[in-house]
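Visitor: I am new to protein models and would like to be walked through this one, a few residues at a time. Could you show it to me before I begin asking?

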Amino acid sequence: VDIDELESKLKNKFPRYLLIIDECAEIFITAHSDPIEKERLNLARVIISKLARLARATGIHLILATQRPSKDAIDMQTKDNMVSRICFRVTNDYVSQMILNSPKACKLDKDAKGRSIWKDGNGELELQVPYITYTQAKTILSNLNPLDQEPIKTGIKPQTDLSRCRD
């Protein structure tokens, strides 16, 4: 079901959410000796994998970011369920192949800062990403809530017992 098509038939619009997980490699690559930490990270991986598989249909857009491109940084099931990918210049074909399934990211111009390859189901596109200052980013982010609504309270607190999130 396409959300835009469904919204056109209904009076109310569905909320759209953007979930950004930076440094997701820290979740997928685990070398922790603490069994509780391992269990929490494993649960986080399961949740992220489910989100990658199901979120788009419910209006959740998932962005996973990492500066450590390796085959272990994001598991294969999650990677396969990501609709699109973006990759900046990398040092070799292997890393580019891992991210985009193409060697093009290592062939980007070295002098073009912010140049990247964006890949989705329709192909690849070379992009130039603008530099945005912290102040500009704050202004942009403050304008994302056009109705001046209070942020949605999730009820999730740090150190929450995540065992209830299982299937």
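Guide: The questions and answers below concern this model, which is a predicted one.

Visitor: Is Ser49 buried or exposed?
Guide: Ser49 is found in helix α3, which covers residues 35–54. Beyond its neighbours within four places in sequence, Ser49 is in contact with Gln77 and Thr78. Its relative accessibility is 8%, and a residue under 20% counts as buried. Therefore the word for Ser49 is buried.

Visitor: How many ångströms separate the C-alpha atoms of Ala25 and Ala73?
Guide: Ala25 belongs to helix α2, residues 25–28, and because its relative accessibility is 1%, Ala25 counts as buried. When residues up to four places away in sequence are not counted, Ala25 touches Thr66, Arg68 and Ala73. Although Ala25 and Ala73 are 48 residues apart along the chain, the separation of their C-alpha atoms is 4.4 Å.

Visitor: What is the phi of Glu23, a residue in the loop between β1 and α2?
Guide: Most residues other than glycine have a negative phi, so a positive value is worth pointing out. Glu23 sits in the loop that joins β1 (17–21) to α2, and with a relative accessible area of 28% Glu23 is partly exposed. Glu23 is not a glycine, and yet its phi is positive, at about 55°.

Visitor: Which residue in the loop between α5 and β4 has a positive phi near 60°?
Guide: The loop in question runs between α5 (93–100) and β4 (115–120). The residue has a relative accessible area of 44%, which means that it is partly exposed. The residue is other than glycine, and its phi is a positive value near 60°; its name is Asn101.

Visitor: Which element gives the largest share of the lining of the largest pocket?
Guide: The largest pocket has a volume of about 1400 Å³. The elements that give two or more residues to its lining are α3, β2 (60–64), α4 (76–81), β3 (85–88) and α5. The largest share is 5 residues, and the element that gives them is β2.

Visitor: How many of the residues lining the largest pocket are nonpolar?
Guide: The lining of the largest pocket is made up of 39 residues, and those nearest its centre are Leu64, Met82, Ser84, Arg85 and Ile86. Sorted by class, the lining has 9 charged and 7 polar residues, while the number of nonpolar residues is 23.

Methods. Residues numbered from 1 in each chain as written. Predicted model: local features only at pLDDT ≥ 70, side-chain atom pairs only at ≥ 80, totals over all residues. Heavy atoms only, no water. Helix = DSSP H or I, 4+ residues; strand = E, 2+ residues; numbered from the N terminus. Buried < 20%, exposed > 50% of the residue type's maximum accessible area, 1.4 Å probe, protein only. Contact = heavy atoms within 4.5 Å. 1 Å grid on protein atoms, 1.4 Å probe; cavity = no way out; pocket = protein on both sides within 12 Å on 5 of 7 lines; lining within 4 Å. Points joined across faces, edges and corners; volume = space filled by probe spheres on them. Nonpolar A, V, L, I, M, F, W, Y, C, P; charged D, E, K, R; others polar.
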